[in-house]
Amino acid sequence: MLGRSLRCFTKSPVFKAKKKLTYTLKDAKKASGKTYDQIAAEIGLTNAYTASLFLGQAQLKPGTVDKLRAAVPALTDEQIERMQQAPMRGWDEKILQEPNVYRTYEAVTHYGEAIKEIINEQLGDGIMSAIDFYLDVGHTTGVKGEKRVVITFNGKFLPHIEQQAADNTAPGPRD
């Protein structure tokens, strides 16, 4: 069922328009000659959020518009306007065939249960938010001189609540 809904999404006019916009945004970035790290530093966002802006996965907020225009002068008014709209977040299932994405997915799924156990042990019964969330991608040098990738997930902890009937302020289906 999920696979079918993803295929439907990737064939939709909204997805196709998003993909076309992404190509033009990446062209504007390329024309600037800057990396995502450089643009992020100029506009005050994380490198991952900045890349998400150019991939149509994040919304450009009004307070960042002028900084982004200065950092990437080739962006048009239409592109900026489209970047300010709430994005249609989603992904093409074929992205899992890309080695970097697949290996990241593999690492999270392989260590997922351990991550859950440690979060629950340290913070209690709850989850990490992917909404109130920061992602940063960088690199370091290992003890043998090799390049190593560092990915930091920084999400707000959301505790599960005990659902006390007296605390429920919404009218119930029996009211």
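The paragraphs below lead through some local features of this structure, which is a predicted model.

A good place to begin is Gln59, which is found in the loop that runs between α4 (47–54) and α5 (62–71). From this loop, the side chain of Gln59 reaches towards a residue much further along in numbering, Gln84, and comes to 2.6 Å from the backbone oxygen of that residue. Which residues does Gln59 touch, if those up to four places away in sequence are not counted? They are Tyr49, Leu53, Met83, Gln84, Gln85, Ala86, Pro87 and Arg89, so that Gln84 appears both in this list of contacts and as the partner whose backbone oxygen the Gln59 side chain reaches.

The next stop is helix α7, which covers residues 99–123 and bends by about 55° at Gly112. At the N-terminal end of α7, Glu98 acts as a cap, with one of its side-chain oxygens lying 2.7 Å from the backbone nitrogen of Asn100. Beyond the other end, just after α7, Gly124 takes a positive phi of about 105°. Within the helix itself, Glu106 and Arg103 are 3 residues apart, which is about one turn of the helix, and their side chains meet in a salt bridge with a distance of 2.8 Å from N to O. Glu106 counts as partly exposed, at 33% relative accessibility.

That pair leads on to the salt bridges of the structure as a whole, of which there are 4. Another of them joins the side chains of Asp77 and Arg69, at 2.9 Å from N to O. Are these two residues buried or exposed? Asp77 counts as exposed because its relative accessibility is 56%, and the cut-off for that word is over 50%, whereas Arg69, at 31%, counts as partly exposed. A further salt bridge is formed by the side chains of Lys34 and Glu42, with 3.0 Å between N and O, and here Glu42 is partly exposed, with a relative accessible area of 40%.

Aromatic rings provide the last part of the picture. How many aromatic pairs does a search of the whole structure find? The search finds 2 such pairs. A ring can also have a charged residue placed over it, and in this model Lys29 lies over the face of Tyr36, at 4.5 Å from the ring centre.

Notes. Residues numbered from 1 in each chain as written. Predicted model: local features only at pLDDT ≥ 70, side-chain atom pairs only at ≥ 80, totals over all residues. Heavy atoms only, no water. Helix = DSSP H or I, 4+ residues; strand = E, 2+ residues; numbered from the N terminus. Polar contact = N/O pair within 3.5 Å; in protein donor to acceptor, adjacent residues only side chain to side chain. Contact = heavy atoms within 4.5 Å. Phe/Tyr/Trp six-rings, centres within 6.5 Å; stacked < 30°, edge-to-face > 60°. Lys NZ or Arg CZ within 6 Å of the ring centre and 35° of its normal. Bend = angle between axes of the 7 residues up to and from the residue. Buried < 20%, exposed > 50% of the residue type's maximum accessible area, 1.4 Å probe, protein only.
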